[in-house]
Amino acid sequence: AYRTQSVTLSVNGAAQVVSIAAVTPSLPAVLGVAPRAGRHFTAADAPPGGADMIVGDAPVAIISYELWQQRFGGDPQVVNSDIQLDTRPFRVVGVAEPHAMYPAGTDVWVPLTFGGLAADDHGGYYLRAVARARDGGSAAADAEWSRIRPALAASSPLNSDIEILAPTFRDHVLGDEAHALRLLAILAFTVVILVSTNIAGLMLGWETLREREHALRFALGATI
């Protein structure tokens, strides 16, 4: 699960607005990504009943590869150094791989905890979830939702109208661009076929001209 917001990053007195994502420690494993340097979050970084719903009592952070390059010049010593998000200090424990920005545009990740939230609080819709589907993909997820939906709806009137969408991760990230990319791939394939056909036609025409040239030279040589 994760949620996003914008905060002010301060390093050595210089400040800039960055996008942060508060994530459960298991998110990197679900996505199958490894850190470029340092480590990912562990369960100890997000203890139950933390100080608030954004960070735990010992705040740590992972920065994006792009921020590492742009703000820190790729300095490997950034791991285990301190930064400030808004007015709170954080210890950098890792650097993400290049372009491993999920959610899109994230500059800094921090652990997500749920301190102060009641287990029966059904009124907060502020989190997004990512899961790795079993065999069957989205169809299996839809079937599982159909199974648990009645019990969820019975637990609170606020849950009676909840629906779940289970797009593939690729379609979720690309959105409408996924369809455009498929059309672009088809168009590119068509262009390759047309070009290949034209080249084959040109080569055949060239061979035909060469055969005529050879025939003409042979005829002239025979009459001389």
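In the predicted model, isoleucine 83 has phenylalanine 90 of β6 as its bridge partner. This pair belongs to the contact between strand β5 (residues 82–85) and β6, an antiparallel pairing over four bridges. The two strands form a hairpin with two residues between them. In the turn of this hairpin, aspartate 86 adopts a positive phi of about 55 degrees.

Strand β6, which spans residues 88–96, also pairs with β3 and with β4. With β3, the sense is antiparallel and three bridges are found; within this pairing, alanine 37 has valine 95 of β6 as its bridge partner. With β4, by contrast, β6 runs parallel, and four bridges join the two strands. Here isoleucine 63 is bridged to valine 95 in β6. Valine 95 is thus a bridge partner of both alanine 37 and isoleucine 63. In a regular strand, side chains alternate between the two faces of the sheet.

The segment linking two of these partners of β6 was examined next. Strands β3 (35–38) and β4 (60–63) are separated by a loop that contains aspartate 45. Aspartate 45 is classed as buried because its relative accessibility is 9%, below the 20% limit for this class. Its side chain makes a polar contact to the backbone of the loop region: the distance from the side chain of aspartate 45 to the backbone nitrogen of threonine 42 is 2.9 Å, inside the 3.5 Å cut-off for such a contact.

Definitions and conventions:
Residues numbered from 1 in each chain as written. Predicted model: local features only at pLDDT ≥ 70, side-chain atom pairs only at ≥ 80, totals over all residues. Heavy atoms only, no water. Buried < 20%, exposed > 50% of the residue type's maximum accessible area, 1.4 Å probe, protein only. Polar contact = N/O pair within 3.5 Å; in protein donor to acceptor, adjacent residues only side chain to side chain. Pairing = 2+ DSSP bridges.
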